[in-house]
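Please find below a short note on the model, set out as numbered points. The points concern one residue and its surroundings, and then one sheet.

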Amino acid sequence: MRGIVEALRLTWRASPWFTTVFVALTLLTAPMPVVTAWLTKLVLDDIIAGAEPGAVLGKAVGLAAAGLATGLIPNLTQYASRETERRVGLLAQERLFTATERFVGMARFEDPVFLNRIQMAMQHGGSTPGVLVSAILSTVSSVVTGLGFLGSLLVISPWIPVVILASAVPVLATEMWLARSRADLSWRLSPIERREMFFRDLLTSTQAAKEIRLFGIGAYLRERMTTQRRRSNVENRRMDLRQISAQALIGLLGTAVASGTLFWAVLAAAGGDISIGDISLLVAAVGGVQSAATSLVHTVAGFHQQLMLFDHYLRVVAAGPDLPVASPPAAITPLEHGIVFKDVWFRYSPDHPWVLRGLNLTIPNGRTVGLIGRNGAGKSTLIKLLCRMYDPERGAVLWNGVDLRELDPAELRARIGAVFQDYMEYDLTAAENIGLGDLAYVSDRDRIVAAAERAGAHTFVERLPRSYDTLLSRLFFQGDDVGGADDGAGVVLSGGQWQRLALARAHLRSGRDLMILDEPSSGLDAEAEYEIHHKLRQFRTGRTNVLISHRLNTVRDADLLVVLDEGVVAERGTHEELMALSGVYASLFSMQAEGYLDALPERATR
Ligand SMILES: Nc1ncnc2c1ncn2[C@@H]1O[C@H](COP(=O)(O)OP(=O)(O)OP(=O)(O)O)[C@@H](O)[C@H]1O
């Protein structure tokens, strides 16, 4: 019931006028078949009774008018219905994505069940309200037509309507069962379809094209994709066969009822109990009632199926934040007392191993902390906790002594600038790629250029065909159209150039309290890396920074070096202190340094 109310509310909110027109036209068309059948009967009876042409004319004109209306109105109804669907689709999509923005953390985007639900919501959220409104109107229309014909049949014989109604009961039960099975099947198939979509996207992705060709894995991936399609085809085929068999039985029942009543009518007319006009009315009425009943049953069953699917949309839209949000949140203050990880325990889910095991760490205000550790040590995880993408399972992360859970996540994030290890490459212009770092400056070219200069991106961006307005994409044409004469395809950047743009994006937020740089120079050449770290050093003085890098020469001069190992802080201190400790840091640093030193004599002797 809630689904119906929500769907109707959504439809009305999206398009009150077109909905009204749609309703009015549908209701106007509903009695037309009955009117036509009656006019036909009356005209036939008049002709057989030898009535004056003038007396028949009025009814014949009525008949023509009804035919005209029956022919024209459906086109208008269809336009009103499509326009309603378009508007509802737009509103439903907006609501769906507004709802996903409410998910404060990352967990929902890593939950396969929830991802399936979002896919179902995207598929059915926009279409269901339109379908439901059509279904309700079609139900009303079928009821009006069906009742009109049933009433007409009553005039001829009282038992015919009873037989027809009784035959509709098994039809309804079967169709409801089929609808439920279809909705269940859609839900069961959603993971398979998502997997197929993954392979399909992979096979057409620019990013994957290189490896697919080099490794010759196209056929392998295609087979994996086809396997998913075959699996869903098997299930769909089974469902279709079930549906066809059930509907064939239902069809037989309908034919038996129609033939039986016609047989009776012929005998009754031969015996003089009913007129020729009655036979015409009876044929039209039996057909009309049966088609109204079939349409009613299909509509109700389809309605039922759509409601079950619409439920996924409602669940996503109604889902609250995935992490608890304090109400009211504590006021966030400029970072003065640093950030403290206090006995933080964290794992991605109860099925995953602990990543952090009672971690204690202080990031002092105005200092640069270098985070070091082997692959998988938990450095990026720590950063994600710091941005409150997840909450610790035990312990807390404190900002100026206040638990992050007490703060408004949006306000917290507004105080943080970051380059993530898996930074984004947006298929947008160069200016937008930087401007997304702070929407307040997305049109402020001076600031964008300054951020690009600091990230070492200005020189190459300036040389792009349209400088900062160049579209960085091979997926789309420059501009909105499908590729006019003036619209060049977008430009492709190198990995290091993309990384510099990501850095520029972070620099646009450089006035923030905390700057996080997770492997900001991993894709840069040695010269660029030196230059960028030199600039970073200049700008980071007096600010709070967290810097993660496997290239230890780029973090060695941080105010504090922290080595993560086995989910805890294994070592902390300055470069000199940690080298003196001869622990993990000293060993990693020496290995890297040796790599360079070993190469020197080789080059010298060449
Ligand atoms: N979304 C996730 N879901 C489940 N496990 C995850 C997720 N992200 C990371 N992990 C696991 O958490 C552990 C720590 O990963 P993390 O990315 O924090 O390491 P890292 O120190 O940044 O590694 P690297 O130096 O390779 O970047 C790893 O074992 C990883 O498999």
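1. In this predicted model, Ala246 is classed as partly exposed, because 17 other C-beta atoms lie within 10 Å of its own, whereas a buried residue would need 20 or more and an exposed one 12 or fewer.

2. Ala246 belongs to helix H9, which spans residues 218-270. Leaving aside residues up to four places away in sequence, Ala246 is in contact with Thr174 and Leu178. A further relation across the chain concerns Glu175: its C-alpha atom is 8.4 Å from that of Ala246, although 71 residues separate the two along the chain.

3. A separate topic is the sheet. Six strands form an open sheet with mixed pairing, in the order E6-E7-E8-E3-E9-E10. Strand E6 (416-419) and strand E10 (568-573) are the edge strands; each has a single partner strand, and therefore one side of each is left without a neighbour in the sheet. From one strand to the next, the twist averages 20°.

4. With which strand, and in which sense, does E6 pair? The partner is strand E7 (residues 514-518), and the two run in the parallel sense, joined over four bridges. Within this pair, Ile416 is positioned opposite Leu514 of E7.

5. The pair E6 and E7 also has a helix lying across it: helix H16, residues 495-507. The direction of H16 is at about 175° to E6, while E7 itself is parallel to E6.

Conventions: Residues are numbered from 1 along each chain as its sequence is written. This is a predicted model: local features need pLDDT of at least 70, side-chain atom pairs count only at pLDDT 80 or more; totals for chains, interfaces and linings use all residues. Two strands pair if DSSP finds at least two bridges between them. Axes are lines fitted to C-alpha atoms, for helices over the stretch in contact, and angles run from 0 to 180 degrees between N-to-C directions. Two residues are in contact if their C-beta atoms, placed from the backbone, lie within 7 Å.
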